[in-house]
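Welcome, and thanks for taking a look at this one. Let us walk through the fold together, from the whole chain down to a few single residues.

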Amino acid sequence: MRILVLGAGGQVGRALKVRCAHLGEVVALNQADADFNAPGSVARAVERVKPDVVMNAAAYTAVDKAESEPDLAQRINADAVGELARACVACGASLVHYSTDYVFDGAKADPYTVNDAPAPVSAYGRTKLAGERAIAEAFGAGAGDFADARPEGTRASAPQWLVLRIAWVYAPYGKNFLLTMLRVAREGKPLRVVADQHGTPMSADWIARMTAALVRSPDRDAGDRSASGPAMLAATGVQHLSPAGSTTWHGFAQRIMERAHAHGLLPALAAPPSIASISTADYPTPARRPAQSRLADSLGALLPARPDWSALLEETLTQLKAGER
């Protein structure tokens, strides 16, 4: 089975390259190889690679900047994603795409399910939702197919599509909240973090491991990793992928400091630094953030038991301590 990973230089893309290697041949492309801002570039990459499954981790993720660059965000997060989906249909490849908790407005008290109506409050959220819908349209999905779990073991007679909504992603590399907090702490600067936005942090490595667990190939099952064949996804439609538990950005930051200090990652500090709790109103940003964006995991028995978000943080800090970047 041949897997094409797009956005290979990002947090999830880098993890996918490693975690999907056992499934077959992985072709990893970054922006220079498949430019989502250049019409036709992504489709040509799919035609050239001829994959059995495409995993798209490329996106415009500058949430605040998207407010002043909505056309660019639309181009990368929606228009190019539609082109990608149509190219997958044309060559018979299944597609796994990553979306976001920002498709919701945050007004719901309980975790969002796949059946909740999206209502994005930012340009970033609107363009990511448009990308979801472009995929569904390209694959010919009706309204009733938008969130459809497929039981494991079902054979795929046609290319399939899967949108995984994820949130609060971090890794031991790249640009993310975890590394920013550690950098600011090491610089001895005051830490002030929002405490009224609720969600669930998740590591890029865990996302990649769960993605790999959702991909099946008759060829791989038969023991022939080199042959091509129809990729089968254990779930289709729009799904929510989330570890257990939840916190706030302030709670996440506190946990980072406590555990990073315990791991020896803040050697110049005698104790974990204190973090001031502030409100969203105290930290105005160009883009609105949902006050509550917990996702109700929809994949159930299709995947291993969900770990608590804090266990994933522990894994990542252990990787940082070991020097994995």
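## A tour of the fold

Among the contacts between residues at least 6 apart in sequence, 80% join residues that are at least 24 apart. Please keep in mind that this is a predicted model. The protein has 325 residues, and 52% of them count as buried. Its secondary structure comes to 9 helices and 15 strands. The accessible surface is about 13500 Å², and carbon and sulfur atoms account for 50% of that.

**Strand β3 and its neighbours**

A good place to start is strand β3, residues 53-56. Are its faces covered or open? Both are covered: Val53 and Met55 are buried on one side, and Val54 and Asn56 are buried on the other. In general, the side chains of a regular strand alternate between the two faces of the sheet.

Strand β3 has parallel partners, β1 among them: β1 (residues 2-6) is joined to β3 by 4 bridges. In that pairing, leucine 4 stands opposite valine 54. Strand β4 (residues 94-100) also pairs with β3 in the parallel sense, over 4 bridges, and here methionine 55 faces valine 96. To get from β3 to β4, the chain passes through helix α3 (residues 70-91), making a β-α-β crossover that is right-handed.

**Two cysteines without a disulfide**

How many disulfides does a search of the whole structure find? The count is 0. Cysteine 88 is in no disulfide, and the nearest cysteine sulfur to it, that of cysteine 91, lies 5.7 Å away. Cysteine 91 is likewise in no disulfide, with the sulfur of cysteine 88 as its nearest at 5.7 Å. Since a disulfide requires the two sulfur atoms to be within 2.5 Å, this pair does not qualify.

Here are the relative accessibilities of these cysteines, along with that of a histidine we will meet shortly.

| Residue | Relative accessibility | Class |
|---|---|---|
| Cysteine 88 | 0% | buried |
| Cysteine 91 | 35% | partly exposed |
| Histidine 250 | 10% | buried |

Cysteine 88 counts as buried because its 0% relative accessibility is under the 20% cut-off.

**Histidine 250**

Histidine 250 sits in helix α8, residues 249-262. Which residues does histidine 250 touch, not counting those up to four places away in sequence? They are Val193, Val194, Ala195, Ile275, Ala276 and Ser277.

**Helices α1 and α9**

Helix α1 covers residues 11-19, and its buried residues are Gln11, Val12, Gly13, Ala15 and Leu16. The cover over them includes strands β1, β3 and β4, together with β6 (161-166), β7 and α6. So β3, met above, is also part of what covers the buried residues of α1.

Helix α9 runs over residues 309-321. At 1.5 Å a residue, its 13 residues should span 18 Å, and the end C-alpha atoms are 19 Å apart, which agrees. Its buried residues are Trp309, Ser310, Leu312, Leu313, Thr316, Leu317, Gln319 and Leu320. As a general point, an α-helix has 3.6 residues a turn, so residues three or four places apart point the same way. The cover over the buried residues of α9 includes β7 (169-170), α5 (177-186), β10 (202-203), α6 (204-213), β14 (247-248) and α8. Just after α9, glycine 323 takes a positive phi of about 85°.

Key. Residues are numbered from 1 along each chain as its sequence is written. This is a predicted model: local features need pLDDT of at least 70, side-chain atom pairs count only at pLDDT 80 or more; totals for chains, interfaces and linings use all residues. Side-chain values use heavy atoms; hydrogens and water are left out. Buried means under 20% relative accessible area, exposed over 50%, partly exposed in between (1.4 Å probe, protein chains only). Helices (H or I, at least four residues) and strands (E, at least two) are DSSP runs, numbered from the N terminus. Two strands pair if DSSP finds at least two bridges between them. A crossover is right-handed if, with the strands pointing away from the viewer, the path from the first strand over the helix to the second runs clockwise. Contact means heavy atoms within 4.5 Å. Accessible areas come from the Shrake-Rupley method with a 1.4 Å probe; for residues, only the protein chains shown count as cover. The expected span of a helix is 1.5 Å times one less than its number of residues.
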